[in-house]
Amino acid sequence: SRLFTPLGVLGLDSSQYPALIAAQAMLLNCYRKSDWAGAEAALAKCRGFEIEALDQLYAIYEMRIQSYKQSRPPDWDGVFVAVEK
């Protein structure tokens, strides 16, 4: 699934959009491939834009990456399954 964010409210100069979009695409690509080092590097790039509106999203990815580095289900297909509320 996709998550859409209106870029105009993020406080970035429009010239920064392509780099942010590329960093987020790399994060998702690495995450889905279980490339945890690549996902962490891409996450650091994303966080480098210092967009407060996305901090919570990036914190979720960081938590999931750390968790999956420790113990990833063997049949994982890149989809997070919530087991609690």
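Throughout these legends, a contact means heavy atoms within 4.5 Å, and helices are DSSP runs of H or I with at least four residues, numbered from the N terminus. The model is a predicted one, in which local features need pLDDT of at least 70 and side-chain atom pairs count only at pLDDT 80 or more, whereas totals for chains, interfaces and linings use all residues. Residues are numbered from 1 along each chain as its sequence is written, and side-chain values use heavy atoms, with hydrogens and water left out.

**View 1. Helix α2 and its partners.** The buried residues of α2 (buried being under 20% relative accessible area and exposed over 50%, with a 1.4 Å probe and protein chains only) pack against α1 and α3. They are W36, G38, A39, A42, L43 and C46; seen down the axis of α2, they fall within an arc of 155°, taken from the directions of the C-beta atoms from the helix axis, so they line one face. The face turned away from that buried side carries the exposed residues A37, A44 and K45.

**View 2. The largest nonpolar core.** This core, a set of buried Ala, Val, Leu, Ile, Met, Phe, Trp, Tyr and Cys residues joined through side-chain atoms within 4.5 Å, has 20 residues, and those with the most contacts inside it are L20, L27, I51 and I65. While α1 (17-32), α2 (36-47) and α3 (55-70) each supply at least two of its residues, α1 gives the most, with 6.

**View 3. Helix α1 around L27.** Not counting residues up to four places away in sequence, L27 touches A39, A42, L43, C46, Y61 and I65. The buried residues of α1 are Y17, L20, A23, L27, C30 and Y31, and what covers them includes α2 and α3.
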